[in-house]
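Me: Please take a close look at one part of this model: the place where the ligand sits. I would like the surroundings, the contacts and the pocket in one connected account.

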Amino acid sequence: MNIDVVTLFPEAFEWFRGQRHVVNSLAAGSTLTLINPRDHTPLSGGQVDDAPFGGGAGMVLRVDVIDAALRAHYGEDPVDLRHTRRVIALTPSGRLLDERLVGELAQERAITLLCGRYEGFDERIIEHFASDVVSIGRYVLAGGELPAMVLADAVLRKLPGSLGHAASALEESFSEALGGFPEYPHYTRPAAYRGWRVPEVLLGGHHEEIQRWRLDQARHRNQ
Ligand code: ADE
C-alpha cells in the first residue's frame, strides 16, 4: 500500500515512521511519502493559506497551493487523481472512521491523505480533489496530522507482515472473527495479584472452552 500524506508538518510523522508495525509494513513493500505544500507553493514567501472570504478567525488552506502540490507530485491534474486512488481529506465533519472503513481502505493499492491546518481547507479542495472526507471523531483538532496517523496506523496494521502475529489483527476488536463484537479481556501473569484472580477458564488449557468464554465476553462488552 502506498500512503502519501500532504502536510505542512512532515516532521510530525517521524515518530510514527519508527513504530514497529510501520517499519514492518515499509519493509514489506508499503510506502509512506510526505508531501509538503510549502515546497510547491506558487506564492511568494512560502505562503500556503489566506484569510477567509466573508471574514472570521483563522486562516484557510488555499486551493491553488494544494493544486500545485498535487500536480507537482503526481504529474497530473489533481481533478483526475481521485479516479485512480482514494484522495482523503481529513476534517472533523467527515465520514467517521470505523473498522469497516479501515478494512475498505486496507484493500486499496494507494491512498492520499490531505491534512488541514488552521481553520481547514478551502472547500474547493474537498469538492474538486477529494474522493472521501474522513473524520476520526466529532471534535476539532489543530490539524489533520494526528487523524492521518490514526488512519494510517489502523490501515497499515491490517496488512500482511505488519504485525508480529497475523492472528492478533484477525481476532481483535470489532473483527469478523468475533462476530463484529468488541474485544474480549486479556490477562497475563501473575495469575493472582492482590487477590484479583484471572478467570479460571483461561488457566485450564481447554482451547474450545476458552474460545467460547472469549466470544461470550466479547458479546457482553457490546451491551
Ligand atoms: N482535523 C481536525 N480535527 C479533525 C478530526 N476530528 N478528524 C479528522 N480531521 C480533523
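Reply: Start with the shell. Around the ligand stand Leu-90, Thr-91, Pro-92, Val-134, Ser-135, Ile-136, Gly-137, Tyr-139, Val-140, Leu-141, Gly-143 and Pro-147. Keep in mind that the model is predicted. By type, the shell has eight nonpolar residues, four polar ones and no charged ones.

Now the polar contacts. A ligand nitrogen lies 2.8 Å from a polar backbone atom of Tyr-139. For Leu-141, a polar backbone atom is 3.0 Å from a nitrogen of the ligand. Thr-91 also offers a polar backbone atom, 3.3 Å from a ligand nitrogen. On its own, the ligand would expose 260 Å², and the protein buries 95% of that.

Next, the pocket. The ligand takes up the space of the second largest pocket. Two elements give two or more residues to the ligand shell: β5 (86-96) and β7 (132-135). β5 gives the most, with three residues.

The pocket itself has a volume of about 360 Å³. Its lining counts 24 residues, and the closest to the centre are Leu-90, Thr-91, Pro-92, Glu-119 and Gly-120. Leu-90, Thr-91 and Pro-92 also belong to the ligand shell. At least two lining residues come from each of β5, α6 (123-129) and β7. Here too β5 gives the most, with four residues. The lining divides into 13 nonpolar, eight polar and three charged residues, while the ligand shell has no charged residues.

Technical notes
Residues numbered from 1 in each chain as written. Predicted model: local features only at pLDDT ≥ 70, side-chain atom pairs only at ≥ 80, totals over all residues. Heavy atoms only, no water. Near = heavy atom within 4 Å. Polar contact = N/O pair within 3.5 Å; in protein donor to acceptor, adjacent residues only side chain to side chain. Areas by Shrake-Rupley, 256 points an atom, 1.4 Å probe, with all protein chains shown as cover. 1 Å grid on protein atoms, 1.4 Å probe; cavity = no way out; pocket = protein on both sides within 12 Å on 5 of 7 lines; lining within 4 Å. Sits in = over half its atoms within 2 Å of the grid points. Nonpolar A, V, L, I, M, F, W, Y, C, P; charged D, E, K, R; others polar. Points joined across faces, edges and corners; volume = space filled by probe spheres on them.
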